[in-house]
Amino acid sequence: MMAVRHLVLSLMLACLPSAEAAEPDQRWKCENQWIIALDTSPDGKWLAAGSDDGSVTIRTLADEAAPPALVKRFSVPVTALVFLPDGKSVVIGTWDGTLVTCELPGGKVIQKFEEHRETITTLALSPCGKFLASGSADDRLIVWDLADGEDLLTMHQGNEYDVTTLAFSPDGESIATGDGENQLKIWDASTGEAVETLKGHQKPVSAVIYDPGGRLISGSWDRTIRVRGKENTVTLAGHAGEITDLAIDRKGTRLFSGSEDRTVKIWNLKSAKIARTLTGASASIRCLVVTPDGRSVVAGTKGGILRWNLK
Amino acid sequence: MTSSSFSRRSVLRGFGATLALPALEIMTGKTQAATRGGTDPGRLACFYIPGAINHYNWFPKETGFDYTAGTTHEPLKDHRERYSILSGLSHIEGRISGHKHPYNFLTGHNIAETPGVLTNSVSFDQVAAKHLGPTYLPSLALSWNSGVGATTLSRNSLGVDIPATSDYRRVFENLFPPADASQLRGARERIALNRSILDTAGGDVRALKRKLGVADRDRIEQYLQSIREVEKRLDDRDAILKHGRPDFDEENVRLVPAGKNSMQEHLELMMDLVALAFQTDMTRVVTHCLGGEAGPNYSEYPEWAKETGAPTRGTHDYHHKGSGNRGGDNPDTMLIGKRDRLFMTCLARLMDKLESIKASDGSLLDHTTLMMGGSQISSHSGSSFPMLLAGGKKLGFKHGQHVRWEKDERSASDLYLTILQQLRCPVEKFKESKGDLSEILA
């Protein structure tokens, strides 16, 4: 019965007419680069970007014409980054498994997390801001204490298919991960125990987030987004390419999805409908971030960073 | 100083210089059989290409001897007459899809026929190992990671995984008898102990067998057979231990990669050990899983991504995105083409080495069958294998051609049977084989 309900809903959503399209309001060029990782500072004033040329840059969001500052250059691509709550430092993960905290804007390394053996694929901070979770191509999720850099928990994915994405639940008690074997796993954030394995996606899970109410939202190469509530799961279909990243505003009303179809779609989570389609990217969207005030969404792609102001 | 112990380093010491010398013929040496005046046996090395391939650059359009090689095979141009490209073979009964292709690449077993339980059968390299001895090691399983499951290609007669290793020093230390006299004595004592344990176990099992029904007796007989095989291997090993470590240029064996996490470094080090193992006749059978379906994320990938304009992805993602029919000019597809070329570059290097080693007649390459291939053209597709067969001129292979069979006309098991028979293994069937592939025989 549940499966039929999913199917009907998916078909309905797939048949919706295209919503209003919008070109970017700002383009920051990054010649010959893929922007792989983005994050905004907690106060929304700064944007940090990680690139496949190994650079981490920071720019002000207040002055669009201001040039970016180079924070640090690595010898391998930067694959993940996240601002720390103080807004004065970022944790950076790279292709070869390096995981460090760097001061801003100078880039001095102030903390090293030395455990991962392969590419850092994803990073997230706990809601309290005290713990860092890192996922890796070494198939492990590690929870670190940001106070002293100690690795508190190590969760093994249980297959060889990379931890591709992760998110803390709003209460901080659970961590959700996605993997290349099309699965989601829910982990107890205090014990590291695997609580549940969720199936349903037909291809690798590329992005996972929670909404403020605790619903788990996942995006996949199967081009769908699944919103899992306590009662039911809603499947959002509308992208013409693989989902690459997800973001959500603080109120939890608007969901943003980036895709290899070169668009960002804004979904109204109440109605489960596409509100807008953001266009203008010349290649796949690799990463997404919504500013804390919810007034703009920023995407990383080939050759640059795009910003759309939201109504 | 014998030719086989003549090293580049010894020359340098002699001149008191620190300049590197070019490789000289005298350094390349001979096989054990050539040194002792015997006849060289056949050898077999199987290499598995993970994920998928760039099919645009792999498959020639033409068949026969006048085919135009794709860019993937350009590194092999100097060996054109020593290899063939085989298209259209696959496992028919054992066709699977997903991430488990390494499990049955060399077995042909349908591991998906019992959902939830992974069963398997013997891999053809182990059939070869059974007949191509005795050697110090019956076979050698190499991989990108140490372990079982998808990291190894070899399964024993019960279908159980034979652990593979990625540790160069461990390979080296396991490959040769200890050089030290006391360690050699210790090794022989361990064999004696193992033999006595087997004797005890075998006696108990034989007593038990008399009390069992027919079905259980068959199972116990299988068990006894495996004990007898181990006993024979211990005897063989003991006999070889008496000769001690063979004479070879130990100082120049490279066991530490120069680069961190480089695919090329890893493959070159492993393939050098393969050449050494064959030259010293410590083993005659090697399998090598060249990578995982989802890793490692070798350091070459970001470089290739920059060269092709592909986004930075994990290995698993490249296998998916770089295969299929997205066009030969798709950046991800071009990237997988670069990886395929690297495999061929390493294979060409191995062939150079084997060709430079003199055998009892011809070269070591002439007595070695090299098979490099995978189970998937597109990621998860198991319906047609990209296969390349090289070497083995003295074993009766006819190379320099592209042979294409229609889908499901012939199976990979037919190729495996053909290889086994050319290696003089007394087998008439392997898995779903219908007979040998006469097209590749001289």
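Below, a biologist quizzes a modeller about a predicted model of two protein chains, A and B.

Biologist: Let's start with chain A. What makes its radius of gyration agree with that of a compact globule?

Modeller: You set the value against the rule. A compact globule of 311 residues would come out near 19 Å, and chain A has 18 Å, so the two agree. The C-alpha atoms fill a box of roughly 55 × 45 × 30 Å along the principal axes.

Biologist: And what is chain A built from, helices or strands?

Modeller: Strands, mostly by count: there are 27 of them and one helix. Of the contacts in chain A between residues at least 6 apart in sequence, 41% join residues at least 24 apart.

Biologist: How much of chain A is buried, and what does its surface consist of?

Modeller: Of its 311 residues, 62% count as buried. The chain exposes about 13,000 Å², with carbon and sulfur atoms supplying 49% of that. For charges, chain A carries 34 positive and 40 negative side chains, and the centres of the two sets sit 7 Å apart.

Biologist: On to chain B. Why is chain B called as compact as a globular protein of its length?

Modeller: First the inventory: chain B has 14 helices and seven strands. Its radius of gyration is 22 Å, and the globule rule gives 22 Å for 442 residues, so chain B earns that description. The C-alpha trace spans about 70 × 65 × 40 Å along the principal axes.

Biologist: What do the contacts and burial look like in chain B?

Modeller: Here 69% of the contacts between residues at least 6 apart join residues at least 24 apart. Of the 442 residues, 57% count as buried. Chain B exposes about 18,500 Å², and carbon and sulfur atoms make up 51% of that. The mean positions of its 55 positive and 53 negative charges are 2 Å apart.

Biologist: Why is Leu153(B) called buried?

Modeller: The cut-off is under 20% relative accessible area. Leu153(B) has 1%, so it counts as buried.

Biologist: Where does Leu153(B) lie, and which residues does it touch?

Modeller: Leu153(B) is in the loop between strand 3 (140–142) and helix 7 (168–175) of chain B. Leaving aside neighbours within four places in sequence, Leu153(B) is in contact with Cys46(B), Tyr48(B), Pro102(B), Leu106(B), Ser123(B), Asp125(B), Thr287(B), His288(B) and Cys289(B). As for Pro163(B), it is 10 residues away along the chain, and its C-alpha atom is 8.9 Å from that of Leu153(B).

Biologist: How do you know that His266(B) is buried?

Modeller: Apply that test again: His266(B) has a relative accessible area of 5%, and the limit is under 20%, so His266(B) is buried. The residue lies in helix 10 (residues 263–280) of chain B.

Biologist: Which residues does His266(B) touch?

Modeller: Not counting residues up to four places away in sequence, its contacts are Ser143(B), Trp144(B), Ser166(B), Tyr168(B), His288(B) and Tyr298(B). You'll recognise His288(B), which Leu153(B) also contacts.

Biologist: Last one: how do you know that chain A and chain B meet, and how much area do they bury between them?

Modeller: Contact means heavy atoms within 4.5 Å. The contact takes 24 residues from chain A and 25 residues from chain B. Together the chains bury about 1,900 Å², 50% of it on carbon and sulfur atoms. On the chain A side, Trp95(A), Glu160(A) and Trp221(A) supply 34% of the area buried against chain B, more than any other three residues.

Methods: Residues are numbered from 1 along each chain as its sequence is written. Chains are lettered from A and ligands numbered from 1 in the order in which they are written. This is a predicted model: local features need pLDDT of at least 70, side-chain atom pairs count only at pLDDT 80 or more; totals for chains, interfaces and linings use all residues. Side-chain values use heavy atoms; hydrogens and water are left out. Helices (H or I, at least four residues) and strands (E, at least two) are DSSP runs, numbered from the N terminus. The radius of gyration is taken over C-alpha atoms; the globule rule is 2.2 Å times the number of residues to the power 0.38. Buried means under 20% relative accessible area, exposed over 50%, partly exposed in between (1.4 Å probe, protein chains only). Accessible areas come from the Shrake-Rupley method with a 1.4 Å probe; for residues, only the protein chains shown count as cover. Lys and Arg count as positive and Asp and Glu as negative; His and the chain ends are not counted. The place of a charge is taken as NZ of Lys, CZ of Arg, CG of Asp or CD of Glu. Buried area is the accessible area (1.4 Å probe) that two parts lose on being put together, summed over both.
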